[in-house]
Amino acid sequence: MAAIGRSGFLVVCLAALSALFIQNMRHDSILEGIPSGKTRVLDLSYAINDKLVPWPGDEKFFEAKVNASIEKNGYFTRSFWMLEHYGTHLDAPAHFPPGKATVDQIPAKQLFGPAVVIDVRAESKDADYQLSAAGVEEWEKRHGQIPQGAIVLLRTGWASRWPDAQKYRNQDAKGKMHFPGFSVEAAKLLIARKVSGLGCDTLSIDYGASQDFAVHHLSLGAGLYHLENLADLAELPETGAFLIAAPIKLEGGSGGPVRVFALLP
C-alpha cells in the first residue's frame with residue numbers, strides 16, 4: 001500500500017510539473033508570436049481626447065496645448081492637462097478608503113495576468129444588473145476555478161454606447177446613472193480567489209445607481225485595482241487571453257490613464 005501511495009504521489013507530481021511546463025511554453029510562445037503576428041494584440045483602451053465621456057459633474061477633464069510646431073520650431077511638442085479618472089483609466093487602492101497604495105506603488109507583477117472574461121451581455125438588458133457570486137461560480141463550472149493573479153473583466157456590451165454620453169451614462173430624470181457592474185458578493189468571492197484586478201466596459205466597477213460605491217471600498221481596500229471604461233471586449237474569449245495593464249506611473253496618484261493590452265494565441 002505504501003508503494004502504491006508513493007507511486008500515486010509521483011504520478012500527481014509529474015502531472016503537475018507537466019502542466020506547469022506546458023503553461024510556461026504557452027506563455028513563451030504567446031510572447032514570441034507577437035513580432036510575427038501569430039499572437040494577436042488587442043488594445044482595450046480609448047485614445048485620450050476631449051470628446052470622451054466624463055463622470056457627471058466633471059466640467060473640466062482634458063485639454064491639450066501646442067508648445068512647439070514643426071513650422072515654427074522644427075519639432076513638435078504639446079502640454080496637456082487631464083483628470084486622473086477619465087477615459088480608460090486605472091483606479092489605485094488609494095482612490096477609496098481603506099485602500100493605501102497609490103498608482104506608482106502597485107507591484108509591477110500585479111499588472112500582468114490571465115484574463116477572465118465574464119460575459120453578461122444578455123443579463124445587461126437590465127441596466128441595473130449586478131454580477132452575483134453565483135454568476136462567478138457558474139463561470140468556474142465551465143472553465144475551472146479562477147486562477148490567482150487573474151484580471152477579471154465584466155463584459156456588459158456597454159462599449160457599444162461609447163462615446164455617446166447620454167447613452168453611456170444612461171441617466172434618469174433625477175440624474176441617477178444606470179449601467180451594470182459587480183456586486184459586493186461577487187467582489188468578496190474574487191478577493192478570496194486572490195485576483196489582481198477587476199475591469200469593466202462601463203464608467204464604474206460599481207453599478208451605475210450605486211450611492212455608496214461598496215465594491216470600490218471593498219476591492220480597493222483589499223489591494224486590488226480597477227480598469228474602467230475599457231474598450232470593446234467582444235473579441236476576447238472567456239479564458240485563454242493574457243492581459244497587460246500599463247498605467248501612467250504617477251507618484252501619489254489615485255489612478256490615471258492606462259493602456260490595456262490583451263494577448264491572444
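**Pockets, helices and unusual backbone spots**

Reader: How much space lies in the second largest pocket?
Author: Happy to start there, and do keep in mind that this is a predicted model. The pocket's lining has seven nonpolar, seven polar and two charged residues. The space inside the second largest pocket comes to about 200 Å³.

Reader: Which residues lie nearest the centre of the second largest pocket?
Author: A total of 16 residues line this pocket. To find its middle, look for five of them: nearest the centre are Trp55, His85, His95, Leu203 and Glu228.

Reader: Let me step back to the whole chain. What percentage of its residues count as buried?
Author: The chain is built with six helices and 12 strands. Among its contacts with a separation of 6 or more, 72% join residues 24 or more positions apart. Out of 265 residues, the buried share is 43%.

Reader: Are helices H5 and H6 roughly parallel or roughly antiparallel?
Author: Find H5 at residues 184–192 and H6 at residues 214–221, where the axes come within 9 Å and cross at roughly 10°. An angle under 35 degrees falls in the first of your two classes. So H5 and H6 are roughly parallel.

Reader: Which residues of H6 does H5 meet?
Author: From the H5 side come Val184, Ala187, Lys188 and Ile191. Counting both helices, the contact has six nonpolar, one polar and one charged residues. The partners in H6 are Ala214, Val215, Leu218 and Ser219.

Reader: H5 also packs with H3. Is H3 roughly parallel or oblique to H5?
Author: Helix H3 covers residues 133–143, and its axis is 7 Å from that of H5, at an angle of about 45°. Roughly parallel would need an angle under 35 degrees, and roughly perpendicular starts at 65. The angle therefore makes H3 oblique to H5.

Reader: How many nonpolar residues are in the contact of H3 with H5?
Author: H3 brings Ala133, Val136 and Glu137, while H5 brings Glu185, Ala186, Leu189 and Leu190. Two of the contact residues are charged and none is polar. The nonpolar number is five.

Reader: Is Thr102 buried or exposed?
Author: Thr102 lies in the loop between strands E4 and E5. Leaving aside residues up to four places away in sequence, Thr102 touches Ala92, Ala94, Gly252 and Gly253. Its relative accessible area is 13%, and the cut-off is under 20%, so Thr102 is buried.

Reader: What is the separation between the C-alpha atoms of Asp164 and Val53?
Author: Asp164 sits in the loop between strand E7 and helix H4, and is partly exposed at 33% relative accessible area. Along the chain, Asp164 and Val53 are 111 residues apart. In space, their C-alpha atoms are separated by 7.3 Å.

Reader: Which residue does a cis peptide bond join to Pro97?
Author: Most peptide bonds are trans, so a cis one is worth a look. Here omega is about 10°. The partner is found in the loop between E4 and E5, and its name is Pro98.

Reader: What is omega for the peptide bond from Trp162 to Pro163?
Author: Pro163 has its place in the loop between E7 and H4. The bond leading to Pro163 is cis, with omega near 0°.

Reader: What is the phi of Phe213?
Author: Most residues other than glycine have a negative phi. Phe213, in the loop between strand E9 and H6, is not a glycine but has a positive phi. Its value is about 50°.

Terms used
Residues are numbered from 1 along each chain as its sequence is written. This is a predicted model: local features need pLDDT of at least 70, side-chain atom pairs count only at pLDDT 80 or more; totals for chains, interfaces and linings use all residues. Side-chain values use heavy atoms; hydrogens and water are left out. Axes are lines fitted to C-alpha atoms, for helices over the stretch in contact, and angles run from 0 to 180 degrees between N-to-C directions. Helices (H or I, at least four residues) and strands (E, at least two) are DSSP runs, numbered from the N terminus. Angles under 35 degrees count as roughly parallel, over 145 as roughly antiparallel, 65 to 115 as roughly perpendicular and the rest as oblique. Contact means heavy atoms within 4.5 Å. Ala, Val, Leu, Ile, Met, Phe, Trp, Tyr, Cys and Pro count as nonpolar, Asp, Glu, Lys and Arg as charged, and the others, Gly among them, as polar. On a 1 Å grid over the protein atoms alone, a cavity is a set of points where a 1.4 Å probe fits but cannot get out, and a pocket is an open set with protein on both sides within 12 Å along at least five of seven lines; lining residues have an atom within 4 Å of a point. Grid points are joined across faces, edges and corners, and a volume is the space filled by probe spheres set on the points. Buried means under 20% relative accessible area, exposed over 50%, partly exposed in between (1.4 Å probe, protein chains only).
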